[in-house]
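Hi everyone, thanks for coming. Let me put the sequence and structure up, and then we can walk through them together.

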Amino acid sequence: LPRNIHECPCDKPGLLLLQHSGKFRGNPSVCDCMAAGAASIDGPGGAGSSSGSVRSKVIGGEVVYASICELNAQDMSLWSLKKTRFFSQGIALKQTIAYADSCEKCSYNTLTCKAAPEPIETGKCLCMWRVNGAVPKTGSMPCARCLEDCIGVYTYFDLGQPQQVSQNGVCVRKAD
């Protein structure tokens, strides 16, 4: 965690994933990225908001920030994430977002990354682990578990080489 509690998570990607709640409470302008769209817990959709959003940005008493990858229908088809008769856990949305540890992870998966990180919100997600040359691995989970069970978890892929390849996941939002 940052020594200065007012450090902007956009300035230091390593500090991006976990910020304790209250650090940005009532002060959404502590850095430019907060003003550019990464809402504080008292900001749009947060506690005390009247926006009507049913998703919460506070998970287990903490606000967790992540880089945001954008997925459209073509992306979901390419990575076999769409809901089908044979993949009932898939995503039925025409477009969605994925939470990742960095924009480099979005680029690796040929996805567009939003300029500013955003808080992970509660809801239903699908984790995808993928490396070039192997079939992606997926698993459904609550979005509140994305950091611990997807983004922070490395999965190994056997590509027929002496050393296995590992990759951490991206957590794709399944529903609005």
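I'll go through confidence, then one strand, then the disulfides.

A word on the ground rules: this is a predicted model, where local features need pLDDT of at least 70, side-chain atom pairs count only at pLDDT 80 or more, and totals for chains, interfaces and linings use all residues. Residues are numbered from 1 along each chain as its sequence is written, and side-chain values use heavy atoms, with hydrogens and water left out.

So, confidence. pLDDT is the predictor's confidence in each residue, from 0 to 100. The chain has a mean of 75, with 68% of residues at 70 or more. Please be careful with residues 1-53, where pLDDT stays under 50. By element, helix α1 (residues 32-35) has the lowest mean, 41, and strand β6 (residues 112-113) the highest, 96. Helices here are DSSP runs of H or I with at least four residues, strands are E runs of at least two, and both are numbered from the N terminus.

Now to strand β4, residues 65-71. Is it buried or exposed? Of its 7 residues, 6 are buried, so the strand is largely enclosed by the rest of the structure. Buried means under 20% relative accessible area, exposed over 50%, and partly exposed in between, using a 1.4 Å probe and protein chains only.

Which strands does β4 pair with, counting a pair if DSSP finds at least two bridges? With β5 (residues 96-100) it runs antiparallel over 5 bridges, and there I68 has Y99 as its partner. β6 is also antiparallel to β4, with 2 bridges, and E70 sits opposite T112. β7 pairs with β4 in the antiparallel sense too, over 2 bridges, with A66 facing E118.

Last, the disulfides, meaning cysteine sulfur atoms within 2.5 Å. The structure holds 5 of them, and I'll show three.

C103 and C113 have sulfurs 1.9 Å apart, and at -55° about the S-S bond their link is left-handed. C103 lies in helix α3 (residues 103-108) and C113 in β6, so the pair ties together parts 10 residues apart in sequence.

C125 and C143 are bonded with sulfurs 2.0 Å apart, and their torsion is about 90°, so this one is right-handed. C125 is in strand β8 and C143 in the loop between β9 and α4, 18 residues apart. Both cysteines are buried.

Finally, C127 and C150 come in at 1.9 Å, right-handed because the torsion is about 80°. That disulfide links β8 to helix α4, across 23 residues.

Technical notes. Contact means heavy atoms within 4.5 Å. Two strands pair if DSSP finds at least two bridges between them.
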